[in-house]
Amino acid sequence: MKFHNEFKSLPIGIQTFSKLREDDFYYVDKTKFIYKLFKSKSNYYFLSRPRRFGKSLFLSTLKSAFKAQKEYFKGLFLENNWDWSKKYPVLYISFGAGVTDGKDELKIILQELINNWIDEYSIHNLKNTSLRGQFSEIIKILHEKYNEKVVILIDEYDKPILDMINKPNLAIEVRDELKNFYSVIKDSDKYLKFVFLTGVTKFSKVSLFSGLNNLEDITLHKDYGDICGYNQKELETVFAERLVTVDLEKLKKWYNGYNFLGDSVYNPFGILLFFSNYNTYKTYWFQTATPSFLIKLMQKNKYYIPKLENLEVTEEIIGSFDVDKINLETLLFQTGYLTIDRVKTDFLDNQVYVLKYPNREVKNSLTTYIIDYLTNEDATNRLRYQNILYKAFMDNDIIGIKKLISTLFETIPNDNYRKNDIENYEGYYASVLYAYFASLGLKMIAEDSTNRGYIDLTIFFENRAYILEFKVTKGTPKTNKALKQIKERKYYKKYLNKYDKVYNIGIVFSKNKRNIAKFNYETIK
């Protein structure tokens, strides 16, 4: 068996294809997609993927191909499937590094890009003075100078806008400045051979690419589902020597699960760090950025957190985004906190996407982050509550679950209730409980459909099913309306023949007490 330091080097943070190939890092061959893109009828493409998913590396690979750097493609698919006699001028734009804090800084960055092109291609005496004009002029000059059409590659095209996402007015200014710059692409069509843009979000064509009607979005094209990320076969082939002692099913549950309508894939960043850390399971990808803006958006909209468990959205919702019309579901999908579980059609034959957490890393991490925000609980207490709650489920101790829930709400500071405007946010109590249950990795269905209505939350543990219904009241109720609803509508019948034990649990919360007012349960089976 090889020792850790005898393996090939892991390309952690390596985004330059030439460096990766020169220094013999592990490489998952994605060059078949370059061939497919180039041979297609369209030459204008857009791809959205979450952060740290390999977008920059793929763009760098495109750059090397169009510059005819054949030496880097030895042994890869493209080596014998590309015309290496043709070399194209490439304009490469990347907004991946640093943070743009407004329109003025964006202009400086764009001018620096233009200056770099001037130096790289020895361009002299530009006639235009505007950024847009210089960009357009450089494209024409390169076409004439090399007698070949120009290739434009734009990495993280949306990052300057996302840097300002919590400052909408500044974000709109940045968006409009980019729109003006990107408009050159449409006007330069006759000089262009190939255009490829990547980003995290997909802005509507109207808001950012007005007139660029031939831009083909391959984000959810099943032929390109694994253009970035590692599918199972690639993982087991390329990294075979590092997987000898790894439980593949456990690895899959932790890091696989991203679905863009092709093969499900692993986020490369998480997998590489897993190997680098001697096969230790940690939340590598989640720790690279905190979803604070998403959580604030949830709070602002008083979002019912359990909806995340089985979210159904239309193509319009997951497909477009804009600064002045921010949709939480869109951001959750495009930033990688939710992914596609399956696709179905509604009664009008419209496609409906059912979303889910991609894997254990994201589900556990995101719901734990939500807990901390909703309850303002310190990490030590939260971890203690999670352990007690999980043990209560293991022991089937429903009274223990009740006591833990009561203790949990007792410890939430009064300031936190004011921060979350609890008086007008009835979903708060259910959201806190859901986040705790989900952070334990429990199997659940939120808004579980039956022929008599929807169960608020169904939890499955081993051979048991727990039917939970929540109600919120101002005073102290005489009866448990939550349990009464379960019984009257016979929600439990859905699981009578599927599980050895089925429990009905009705929980009524009091706004005045800010805690449980009624907690009753019954064993059905």
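This section describes the strands, aromatic pairs and nonpolar cores of a predicted model.

An open sheet of five strands is found with the order E2-E3-E4-E1-E5, and its pairing is parallel. Strand E2 (90-94) and strand E5 (216-217) form the edges, each pairing on one side only. Within this sheet, strand E3 (residues 150-155) is joined to strand E4 (residues 192-199) by five bridges in the parallel sense. In that pairing, Ile 154 stands opposite Leu 197 of E4.

Further along the chain, strand E8 (residues 311-314) pairs with strand E10 (residues 351-356) through four bridges, and the two run antiparallel. Leu 311 has Leu 355 of E10 as its bridge partner. The two faces of E8 are unlike in their cover: Leu 311 and Val 313 make up the covered face, whereas Glu 312 and Thr 314 make up the uncovered one. In general terms, strands of a sheet pair through backbone hydrogen bonds, in either a parallel or an antiparallel sense.

Strand E14 (residues 501-510) pairs with two other strands, E13 and E15. With strand E13 (residues 464-473), E14 runs parallel, and 10 bridges join the two. One of the partnerships here is that of Ala 465 with Val 502 in E14. Helix H20 (residues 481-489) completes a right-handed β-α-β unit together with E13 and E14. With strand E15 (residues 515-523), by contrast, E14 pairs in the antiparallel sense, over eight bridges. Ser 510 is the bridge partner of Asn 515 in E15. The hairpin formed by E14 and E15 has four residues between the strands, and Arg 514 in this hairpin adopts a positive phi near 55 degrees. E14 itself is mostly covered, with nine of its 10 residues buried.

Aromatic side chains form 49 pairs in the model. In one of them, the ring centres of Phe 409 and Tyr 429 lie 5.5 Å apart and the ring planes stand at 50 degrees, so the pair is classed as tilted. Because Phe 409 belongs to helix H17 (residues 398-410) and Tyr 429 to helix H19 (residues 427-439), this pair ties together parts that are 20 residues apart in sequence. Phe 409 and Tyr 429 are both buried. Ring pairs also link a cluster whose members are Phe 17, Tyr 27, Phe 38, Tyr 45, Phe 58, Phe 66, Phe 73, Trp 82, Trp 84, Tyr 88, Phe 194 and Phe 196. Two arginines are placed over aromatic rings: the charged end of Arg 49 sits over the ring of Phe 260, 3.8 Å from its centre, and Arg 52 lies over the face of Phe 269 at 4.4 Å from the ring centre.

Nonpolar side chains in soluble globular proteins tend to be buried together. In the present model, the largest nonpolar core comprises 143 residues, and those with the most contacts inside it are Leu 91, Ile 152, Phe 196, Leu 308, Phe 409, Phe 437 and Ile 507. Helix H19 gives the most to this core, contributing 10 residues. Apart from this core lies another one, of 20 residues, including Leu 243, Val 246, Leu 251 and Leu 272. With residues up to four places away in sequence not counted, the contacts of Leu 91 are Trp 117, Tyr 121, Phe 135, Ile 138, Ile 139, Leu 142, Val 150, Val 151, Ile 152 and Leu 153.

Technical notes: Residues are numbered from 1 along each chain as its sequence is written. This is a predicted model: local features need pLDDT of at least 70, side-chain atom pairs count only at pLDDT 80 or more; totals for chains, interfaces and linings use all residues. Side-chain values use heavy atoms; hydrogens and water are left out. Buried means under 20% relative accessible area, exposed over 50%, partly exposed in between (1.4 Å probe, protein chains only). Two strands pair if DSSP finds at least two bridges between them. A crossover is right-handed if, with the strands pointing away from the viewer, the path from the first strand over the helix to the second runs clockwise. Rings of Phe, Tyr and Trp (its six-membered ring) pair if their centres lie within 6.5 Å; planes under 30 degrees apart count as stacked, over 60 as edge-to-face and the rest as tilted. A charge sits over a ring if NZ of Lys or CZ of Arg is within 6 Å of the ring centre and within 35 degrees of the ring normal. A nonpolar core is a set of buried Ala, Val, Leu, Ile, Met, Phe, Trp, Tyr and Cys residues joined through side-chain atoms within 4.5 Å. Contact means heavy atoms within 4.5 Å.
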